[in-house]
Amino acid sequence: MWRELAPVGRHPDSGGYRRYAWSAADLECRAWFRAQAEARGLTYETDRNGNQWAWLGDPLAGNAVVTGSHLDSVPDGGAFDGPLGVVSSFAALDELRFRGVAFTRPLAVTNFGDEEGARFGLACVGSRLAAGQLTVADAHRLRDADGIALPAAMESAGYDPDTIGPDPERLARIGAFVELHVEQGRALDLTGDPVGIASAIWPHGRWRFDFRGEANHAGTTRLVDRRDPMLTYAETVLAARREAELTGALATFGKIAVEPNGVNAIPSLVRGWLDSRAADQATLDAVVTGIERAAREYADRAGVDLDVVRESFTPVVEFEHALRDELAKILAGSGDTGRPVPVLGTGAGHDAGILSASVPTAMLFVRNPTGISHSPAEHAAEDDCVAGVRALADVLEGLACS
């Protein structure tokens with residue numbers, strides 16, 4: 001399975017993946033998912049929001065155990081973020097069949113669409129729509145860098161955009177959702193454990209900073225006469241780093257748009273996107289407030305106008321303690337661990353976090369030796385991936401076969 005997915009959407013120059021929602025690469029990944037489902041005799045379906053499902057047992061029976069992740073990527077992303085969870089889910093099902101277990105609850109493997117938000121700027125679109133956390137009207141307003149609206153992209157890919165919206169009936173049939181994911185940090189590497197359990201997802205959001213100055217000639221305009229938004233933006237980036245260090249939070253300006261974007265022109269507009277995350281809401285509020293305050297001070301001094309817009313926000317997600325504790329109990333008693341499995345928080349968002357407001361959810365992490373993610377250098381050792389599959393199989397057996 002890993003070899004089949006490896007070349008899909010991989011850029012020949014960067015070595016990273018560009019599997020954007022409803023693109024040709026995404027459709028190829030979707031075709032792969034369907035083929036895996038049908039090869040195992042599973043009931044395949046696509047829901048109203050384009051999320052894919054592969055069912056063992058009656059999808060309508062209720063109290064189902066669901067596992068899976070996503071197959072799309074960030075720009076030039078790594079091979080593991082998302083796909084490891086989907087591949088491991090099919091492999092865990094294979095392992096359970098090899099064990100000859102008897103299923104007492106329906107089991108499903110899923111691929112949630114547009115988790116990364118690389119194309120339309122909003123993460124977890126498929127799960128947000130299903131959970132009613134993204135309205136149909138707001139979904140219709142989503143556009144990519146080329147101005148293509150989400151409904152048009154779905155339609156061009158052969159999906160009906162008129163059906164999108166909340167899916168409470170489907171979510172009500174899920175008794176537990178468990179997502180396996182490569183760890184996007186080094187906590188497990190530092191403890192020496194191949195697998196961990198998630199405790200919570202930090203609150204996080206995305207803010208757009210629009211710095212508006214005055215376009216002018218780079219070779220003739222005196223420094224004292226400039227209203228240069230690029231300078232103000234640069235000072236704000238440094239302020240974000242300082243505020244993050246002071247509060248123990250994370251703050252990153254990772255995306256920028258410039259107008260008119262000429263080498264010999266002072267910009268008229270610099271638009272930067274801030275991603276910020278923290279262990280608790282008070283700390284997140286403090287770091288973002290501090291960054292905005294510094295940005296406005298720099299802007300006033302330079303004669304630059306500033307607008308700040310919060311484009312997305314996800315509050316802290318505490319995974320259901322009962323399910324989390326059940327996973328810990330199952331894995332502590334399995335033969336592969338031999339000791340309690342570490343429980344750790346994460347600053348990365350996931351579909352499991354979105355669904356947690358509607359269904360009991362939990363997450364397993366597989367060790368990432370470098371902690372690098374959202375990069376072609378993202379990696380997990382084969383032995384650790386196998387340990388993740390076995391841990392997921394143990395969890396599914398404990399939940400769906402008892």
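## A tour from the sheet to the cores

Begin by selecting F253, which stands opposite L274 in β11; what you have open is a predicted model. Widen the selection to both strands, and you will see that β9 is joined to β11 (residues 269-277) by nine bridges, with the two strands running antiparallel.

Next, show the sheet to which they belong, an open one of four strands in the order β9-β11-β7-β12, with antiparallel pairing. At its edges stand β9 (250-259) and β12 (305-314), and because each has a single partner strand, one side of each is left without a neighbour in the sheet. From one strand to the next, the twist averages 20°. Now add helix α9 (residues 229-247), which lies across β7 (204-212), β9 and β11 and runs at about 170° to β9.

Move on to the largest nonpolar core, which has 51 residues, and select W32, F33, F90, L327 and L364, the residues with the most contacts inside it. Helix α13 (residues 382-400) gives the most to this core, contributing ten residues. Centre the view on L327, which, leaving aside its neighbours within four places in sequence, is in contact with V178, I197, A362, L364, V395 and L399. A second, separate core of 24 residues can be picked out through L171, I174, F319 and F365, which are among its members.

Finally, select the cysteines, where the count of disulfides comes to zero. C385 is buried, with a relative accessible area of 13%, and its sulfur is 17 Å from the closest cysteine sulfur, in C29, which is too far for a bond. C401 also counts as buried, at 18% relative accessibility.

Definitions and conventions. Residues are numbered from 1 along each chain as its sequence is written. This is a predicted model: local features need pLDDT of at least 70, side-chain atom pairs count only at pLDDT 80 or more; totals for chains, interfaces and linings use all residues. Side-chain values use heavy atoms; hydrogens and water are left out. A nonpolar core is a set of buried Ala, Val, Leu, Ile, Met, Phe, Trp, Tyr and Cys residues joined through side-chain atoms within 4.5 Å. Buried means under 20% relative accessible area, exposed over 50%, partly exposed in between (1.4 Å probe, protein chains only). Contact means heavy atoms within 4.5 Å. A disulfide is a pair of cysteine sulfur atoms within 2.5 Å. Two strands pair if DSSP finds at least two bridges between them. Axes are lines fitted to C-alpha atoms, for helices over the stretch in contact, and angles run from 0 to 180 degrees between N-to-C directions.
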